[in-house]
Amino acid sequence: MSDDSSFEQDVLTELGDDGLRQLAQQLGTDPAGAQQVVESAASGLADELPPDAVASEAAAPEDRPLEGVATLGGLGAVGGGLMAGVLAKATKPVATAVAKKTGLPVATVTRGLELLVPVVLAVLSKRAAGGKGPK
């Protein structure tokens, strides 16, 4: 990813403070620990997508119900279609890498990533729609 810190920041912004606190609770850590997981995982999840997946998803918004971000509290819902499936498959290797980096158990990180995937999808979709590209 050519602009990792910007992408990671976009994911953190999309997640918001409430989402970060909920992610921290899911991970059994504090918000700083959850932020470290987001920073470690966001790029890895996005890198797992085929280059044209985001563009094709953004070009056909009627095919998927993208209404917001994850079901983190009151943040909305995401369908995600093709990208959600690809990211779901990528969760295990990304969770393993993040667990090694953060010291959290893989199973715990995997549960946290399940909350993070829709947020990554929302950021990627916004970037694709805005012409910034996914990376």
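# Salt bridges and core of a predicted model

At 49% relative accessibility, Asp18 counts as partly exposed, a value that falls just short of the 50% above which a residue would be called exposed. The model described here is predicted, and the points below begin with its three salt bridges before turning to its largest nonpolar core, which has 29 residues.

**Salt bridge within helix H1**

- Asp18 forms a salt bridge with Arg21, and the closest N and O atoms of this pair are 2.3 Å apart.
- Because Arg21 and Asp18 are three residues apart in helix H1, about one helical turn separates them.
- Arg21, like its partner, is partly exposed, with a relative accessible area of 45%.

**Salt bridges between helices H1 and H5**

- Side chains of opposite charge can pair when their charged atoms come close.
- Asp10 and Arg127 form a salt bridge in which the closest N and O atoms are 2.7 Å apart; since Asp10 lies in helix H1 and Arg127 in helix H5, the pair ties together parts that are 117 residues apart in sequence.
- Arg127 counts as buried, at 4% relative accessibility, whereas Asp10 is partly exposed, with a relative accessible area of 24%.
- Glu14 and Lys126 form a salt bridge as well, with their closest N and O atoms 2.6 Å apart; Glu14 lies in helix H1 and Lys126 in helix H5, so this pair ties together parts that are 112 residues apart in sequence.
- Glu14 is buried, its relative accessible area being 18%, while Lys126 counts as exposed, at 53% relative accessibility.

**The largest nonpolar core**

- Within the core of 29 residues, those with the most contacts are Phe7, Val11, Val38, Leu113 and Leu116.
- Two or more residues of this core come from each of helix H1 (4–27), helix H2 (31–47), helix H4 (81–102) and helix H5 (106–129), and H5 gives the most, with nine residues.
- Val11, leaving aside residues up to four places away in sequence, touches Val38, Ala42, Leu116, Val119, Val120 and Val123.

**The surroundings of Val94**

- Val94 lies in helix H4 and is buried, with a relative accessible area of 6%.
- When residues up to four places away in sequence are not counted, Val94 touches Ala41, Gly44, Leu45, Glu48 and Leu113.
- Although Val94 and Ser40 are 54 residues apart in sequence, they are 8.7 Å apart in space, C-alpha to C-alpha.

Technical notes. Residues are numbered from 1 along each chain as its sequence is written. This is a predicted model: local features need pLDDT of at least 70, side-chain atom pairs count only at pLDDT 80 or more; totals for chains, interfaces and linings use all residues. Side-chain values use heavy atoms; hydrogens and water are left out. A nonpolar core is a set of buried Ala, Val, Leu, Ile, Met, Phe, Trp, Tyr and Cys residues joined through side-chain atoms within 4.5 Å. Buried means under 20% relative accessible area, exposed over 50%, partly exposed in between (1.4 Å probe, protein chains only). Helices (H or I, at least four residues) and strands (E, at least two) are DSSP runs, numbered from the N terminus. Contact means heavy atoms within 4.5 Å. A salt bridge is a side-chain nitrogen of Lys or Arg within 4 Å of a carboxyl oxygen of Asp or Glu.
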